[in-house]
Each structure stands twice: as C-alpha cells, then as structure tokens.
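Please walk through this model from its sheet outward. The paragraphs below take the main elements in turn.

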Amino acid sequence: MTKIGVIIGSTRPGRNGEAVAKWVYENAKKRDDAEFELVDIADYNLPLLDEPYPAAMAQYTKEHTKKWAAKIAEFDGYIFVTPEYNHSTSGALKNAIDYLASEWNNKACGFVSYGSASGVRAVETLRLIAGELQMADVRAQVMFNLFTDFEDMSVFKPNDRSEGSLNELLNQLIPWSNALKTLRK
C-alpha cells in the first residue's frame, strides 16, 4: 500500500499547523488507496543542521538524524503542512528537509499551507526545494487564510470547499507516488 507522510512543518508554540495537519490526516484516511501517517518534526528535536557531511553522502553521525532518516524513508510521498513566515516556509521545516537527501528522492509531494496570504509564498519556496531533491510536486494545493479559515487567527475552521481541494491534491499525489516507486527499485 502506498504510504504518505503528513508532515507538520512548524515547531512554534501555539502553532496552527498541528490542527491543520490533523484535519488533513482525518480527511485523507477516509480514502482506501493509500495509508497516511502524521509526522511532527517537533518530535525529532532536530537542532540546526549539525551533520559534518553533506546529506547527499548519507553518512549520518547523529542519532537524531538517523531516526529522522529512517522515518522519512518509510514513505512513498509527502504532504507538507507549512506556515508562511516572512514570505517563506518555517526555518524548522527547511532545516528538517536539509538533513536528508536520498530519503526524499524520487517521491511525490503536495502542499497544504496557511498564513495571512494563505501560505502561497511558502509553497513557492518549497517547490524549488522539492525540485532540487528530485521530488515531484503536484500542482493541486490546499490553502488556508488566517483571517477567513481561523477564528481569532488561532482556532482552525476550514470552509466546506477545503475538503474538495484536499481530495484534488490526493488524486494527484497518490498516482504520482505510485508511479515513482518504479524509479526507486
């Protein structure tokens, strides 16, 4: 079965990302064409990149890196749930991505974003990073605005159309994840 990781891309106290990622996970697991798992980068306590060798060499020396690499390697595709901070993704998500290389290669990814501008600029940044890591990013994207999809910018209240947007993302992500399996064998 195709396995998709739903990655919570923020470690900020009081973050909105956890509620958004749980909404993604709960809606995604209604499907029977893939398995889904929530992955919270906060659980891995990754310091600023502290590996002495480039990630492309896969010569990890730190236990936190080995644990993170093993988890990410389990998946065929990813949904990155990202906030937008200063026209980009969170530093914590960028750092977590930078720790690894081959674990991301030849896999598909999609994006769910949130922020005052619905997180679209964060996703633009992540699409560039995905390309460098040989991930195939799907076109469909789910976007949430802090002013219209959250009460007081903190209580997540997605609109009724959001589930349809997520299904469109998954309808692209799952076939791409399956197709790319052949490149990894």
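What follows describes the sheet, a helix packed on it, the main pocket and a few single residues.

The model is predicted, so local features need pLDDT of at least 70 and side-chain atom pairs count only at pLDDT 80 or more, while totals for chains, interfaces and linings use all residues. Residues are numbered from 1 along each chain as its sequence is written, and side-chain values use heavy atoms, without hydrogens and water.

Start with the sheet. Helices (H or I, at least four residues) and strands (E, at least two) are DSSP runs, numbered from the N terminus. Five strands, ordered β2-β1-β3-β4-β5, make an open sheet with parallel pairing; two strands pair if DSSP finds at least two bridges between them. At the edges are β2 (35–40) and β5 (135–145), each of which pairs on one side only. From one strand to the next the twist averages 20 degrees. Inside this order, β3 (residues 77–83) and β4 (residues 107–115) are joined in the parallel sense by seven bridges, and Pro-83 has Tyr-114 in β4 as its bridge partner.

Helix α5 (residues 162–184) lies across β1 (3–8), β2, β3, β4 and β5, and runs at about 165 degrees to β5. Axes here are lines fitted to C-alpha atoms, for helices over the stretch in contact (heavy atoms within 4.5 Å), and angles run from 0 to 180 degrees between N-to-C directions.

Which residues lie nearest the centre of the largest pocket? They are Arg-12, Glu-84, Tyr-85, Tyr-114 and Leu-146, out of 16 lining residues. A pocket is an open set of points on a 1 Å grid over the protein atoms alone, where a 1.4 Å probe fits, with protein on both sides within 12 Å along at least five of seven lines; lining residues have an atom within 4 Å of a point. The volume of the largest pocket is about 250 Å³, taken as the space filled by probe spheres set on the points.

Tyr-114 is also among the contacts of Phe-150, as are Asn-16, Val-20 and Phe-144. Phe-150 is part of strand β6 (residues 150–151). Is Phe-150 buried or exposed? Phe-150 counts as buried because its relative accessibility is 6%; buried means under 20% relative accessible area, exposed over 50%, partly exposed in between (1.4 Å probe, protein chains only).

Two loop residues have a positive phi although neither is a glycine: Asn-86, at about 50 degrees, and Asp-152, at about 55 degrees. Asn-86 sits between β3 and α3 and is exposed at 76%.

Notes:
Lists of a residue's contacts leave out its neighbours within four places in sequence.
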